[in-house]
Amino acid sequence: MRDWYNKLFVRVKWGTALCEVAMVSCGVRQGGVISPVLFNVFINVFINRLRSVQIGCHVNGLFLGCLFYADDVMLLCPSVTALQYMLDVCVATADMLSLKFNPLKSHCLAIGSLIPTLYLGLLQ
């Protein structure tokens, strides 16, 4: 598996132009049969870590503190302090898995009168 991913190179074709060969150093192989399974294994680590801290939204005992769609995550929490803790858990988990978040693509929506200030604790 490691050898298969360490030797991933691509070329991009635009019209009739073909770019130089470039090495791909992150992510899963697009269209690979095992790619969804690998992605789900990593995402499941986030879900389990978030569930284990017992913070976030729960409905009838069911943990709904995080929702994932493809490579997007939504954290749901009743307080800014708890949401910051959930973010810290995600940052620590990503660091443990050698993954990165893009803070420039991160947003916070507060419902109510509080305007939260959250720290993603991430670079790039």
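Biologist: Which two strands form a hairpin, and how many residues lie between them?

Modeller: This is a predicted model, and in it strand 7 and strand 8 form a hairpin with two residues between them. Ala70, which sits in the turn, has a positive phi of about 55 degrees.

Biologist: In what sense do strand 7 and strand 8 pair, and over how many bridges?

Modeller: As a general idea, side chains in a regular strand alternate between the two faces of the sheet. In the present case, strand 7 covers residues 66–69 and strand 8 covers residues 72–75, and the two pair in the antiparallel sense over four bridges. If you would like one residue to start from, take Phe68, whose bridge partner in strand 8 is Val73.

Biologist: Where does this hairpin fit into the chain, or, put another way, in what order do the elements run from the N terminus on?

Modeller: The protein chain has three helices and eight strands, and from the N terminus on they run α-β-β-β-β-α-β-β-β-β-α. Of the 124 residues, 21% count as buried, while the chain exposes about 9,700 Å², with carbon and sulfur atoms supplying 61% of that area. Among contacts between residues at least 6 apart in sequence, 40% join residues at least 24 apart.

Biologist: How should I read helix 3, and what do its buried residues pack against?

Modeller: The general idea is that an α-helix has 3.6 residues a turn, so residues three or four places apart point the same way. Helix 3 has 17 residues and reaches 24 Å from its first C-alpha to its last, which is close to the 24 Å expected at 1.5 Å a residue. Its buried residues include Leu83, Met86, Leu87, Cys90 and Ala94, and the buried residues of this helix pack against helix 2 (35–52) and strand 8. Just after helix 3, Ser98 takes a positive phi of about 60 degrees.

Biologist: Thr93 also lies in helix 3; is Thr93 buried or exposed?

Modeller: Thr93 counts as buried because its relative accessibility is 0%, the cut-off for that word being under 20%. The side chain of Thr93 makes a polar contact with the side chain of Arg49 at 3.3 Å, and a polar atom of the Thr93 side chain lies 2.8 Å from the backbone oxygen of Val89. Leaving aside neighbours within four places in sequence, Thr93 is in contact with Val45, Phe46 and Arg49.

Biologist: Why does Cys90 form no bond with the closest cysteine sulfur?

Modeller: In general, a disulfide is a covalent bond between the sulfur atoms of two cysteines. Here the closest cysteine sulfur to that of Cys90 belongs to Cys66 and is 7.3 Å away, which is too far for a bond, given that a disulfide requires the sulfur atoms to be within 2.5 Å. By this rule the count comes to zero disulfides. As for accessibility, Cys90 counts as buried at 4%, whereas Cys19, at 32%, counts as partly exposed.

Biologist: Turning to a loop, where does Leu8 lie, and is Leu8 buried or exposed?

Modeller: Leu8 lies in the loop between helix 1 (2–6) and strand 1 (9–10), and it is buried because its relative accessible area is 12%. Once its neighbours within four places in sequence are left aside, Leu8 is in contact with Ala22, Met23, Val24 and Arg29. Leu8 and Ser25 are 17 residues apart in sequence, and their C-alpha atoms are 7.7 Å apart in space.

Note on methods
Residues are numbered from 1 along each chain as its sequence is written. This is a predicted model: local features need pLDDT of at least 70, side-chain atom pairs count only at pLDDT 80 or more; totals for chains, interfaces and linings use all residues. Side-chain values use heavy atoms; hydrogens and water are left out. Two strands pair if DSSP finds at least two bridges between them. Buried means under 20% relative accessible area, exposed over 50%, partly exposed in between (1.4 Å probe, protein chains only). Contact means heavy atoms within 4.5 Å. Accessible areas come from the Shrake-Rupley method with a 1.4 Å probe; for residues, only the protein chains shown count as cover. A polar contact is a pair of N or O atoms within 3.5 Å; within protein, one must be able to donate a hydrogen and the other to accept it, and residues adjacent in sequence count only if both atoms are side-chain atoms. The expected span of a helix is 1.5 Å times one less than its number of residues.
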